[in-house]
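Please examine the sequence and the model shown here before reading the report that follows.

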Amino acid sequence: MLDTAVQIIQTLRAAGHEALLAGGCVRDFLLGKDPKDYDVATSATPEQVAALFPGARTVGAHFGVVIVRLGEDHVEVATFRTDGSYKDGRRPQTVTFSTPEEDAKRRDFTINGIFRDPVNERVIDFVGGLEDLRAGVLRAIGDPHLRFEEDRLRLLRAVRFATVLDFQIEPETWKAVRSHAAGIGDVSAERIRDELVKIFLHPHRLRGFDLLVGSGLMAHVLPEILTLQGVEQPPQWHPEGDVFVHTRLMLSLLPEQVSLPLVLSVLLHDIAKPATFTVDETGRIRFNGHDKLGAEMSAEILRRLKFPNDVIEPVTTIVEHHMGFKDVKKMRKSTLRRMMARPTWEDELALHRVDCLGSNGLLDNYEFMVERREEFTRQPVLPLWLVNGGDLIKAGFEPGPELGKALTAVQNAQLDGVVTTREEALAWVAENTGRMPGSHDSGGDA
Ligand code: ATP
Ligand code: MG
């Protein structure tokens, strides 16, 4: 990847142009991290770039960006430019091709504005990025108020970079983020979603959560989270405090690596508690139905943020079932095994663990389920059934709900270990339904 970028830089230079590595790849290299992609900035115009690299994609040429492909690698090659005035709070109306210094200054944060010459191993810094990188400071380039006004996505990028790099946001930059927070509403749901995903998948997600709340951005991207503040819970179950405190605590207790559905479920699992809050005659606080309503609300919130169905569906399932763990010790094996057959099962268990640790700390149901997992681990999640619908029709059942019930019953007997062979299963059906398999003469008159 780096080799490809260097090759591109050398080709551009051989043709008389200046070319440098720019943006995130320089920042990550200086931090000793592996960049996920390489960007090249150059004095060559998009036409000149395209002429040097046949097959280059010029879709972004209007903004000075050409995608050069060499072998498997794609590298963005962008002409040094100055952005013209911004109209919609997101995109410049015009761009003018200009110098490396001007190009550095149109970038968002000083640590993202450093150039690197990988051929002569030199760093070119017009914006004080090196100093901020060393000090661990995230600082807007130029006047932070103007920069956030130009492009509101930078508000969330500030929180994201501070989170993943564990950097302090410079006070004037932070002040500007806070005063412009409402402007995030002008940014598309997809861009907001992508930033939230990067923040919450990162091990530093708790810091990201706090920055979102502290900046005022949470009120605009996930306002439902703020409604959890001040929602009291029964103190015997929730000594930690209100629903907001509980949710935040759970976030901090997750393992470093999580699936996206798991972390979103943690954020949203109690989202319906404010709406279902009641106090019964004995003075006990209840949230009846908050799991079901929470599942619906979660789906709606995630649809609003344009998450795909393969994220929305598991989150909805996890939230809907998150109260099921309280009864697991009383459940039949068959019920447990059906529960464990859900594709979301591991995430459900992981959520239950932090739900306990973030409240009363009682892990007995969690441990019970971990033991069941060990026990079932050598058996297929759901086995091949010993008898099927066809067998029951032969036993005299008409296709319909009664047959469905009988089939579930004999399958449960199998899951519970009551029947272990086909013969036993057929005998069980005969005994428990009063019908003898194979005795029904389907050809005769009733
Ligand atoms: P990542 O690791 O997420 O890719 P990155 O810094 O490379 O981080 P990109 O979105 O790939 O971020 O953008 C590449 C570079 O383009 C940035 O480093 C920054 O210099 C500039 N840039 C990106 N988005 C903006 C923006 N909204 N405003 C100003 N400059 C931006
Ligand atoms: Mg990048």
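In which sense do strand β2 and strand β4 pair, and over how many bridges?

**Basis of the model**

This is a predicted model, in which local features need pLDDT of at least 70 and side-chain atom pairs count only at pLDDT 80 or more, while totals for chains, interfaces and linings use all residues. Residues are numbered from 1 along each chain as its sequence is written, and side-chain values use heavy atoms, with hydrogens and water left out.

**The sheet and helix α1**

Strand β2 (residues 39-42) and strand β4 (residues 73-79) pair in the parallel sense over four bridges, where pairing requires that DSSP finds at least two bridges between two strands; D39 stands opposite E76 in β4. Strands are DSSP runs of E with at least two residues, and helices are runs of H or I with at least four, numbered from the N terminus.

The open sheet has six strands in the order β3-β4-β2-β1-β7-β8, with mixed pairing. Because β3 (65-70) and β8 (122-125) stand at the edges with a single partner strand each, one side of each is left without a neighbour in the sheet.

**Helix α19**

The 13 residues of helix α19 (residues 345-357) should span 18 Å at 1.5 Å a residue, and the end C-alpha atoms are 18 Å apart, which agrees; the expected span is 1.5 Å times one less than the number of residues.

Among the buried residues of α19 (under 20% relative accessible area, 1.4 Å probe, protein chains only) are W345, L349, H352 and C356. The cover over the buried residues of α19 includes α13 (243-253), α14 (260-268) and α20 (364-376), contact meaning heavy atoms within 4.5 Å.

Key
Chains are lettered from A and ligands numbered from 1 in the order in which they are written. Buried means under 20% relative accessible area, exposed over 50%, partly exposed in between (1.4 Å probe, protein chains only).
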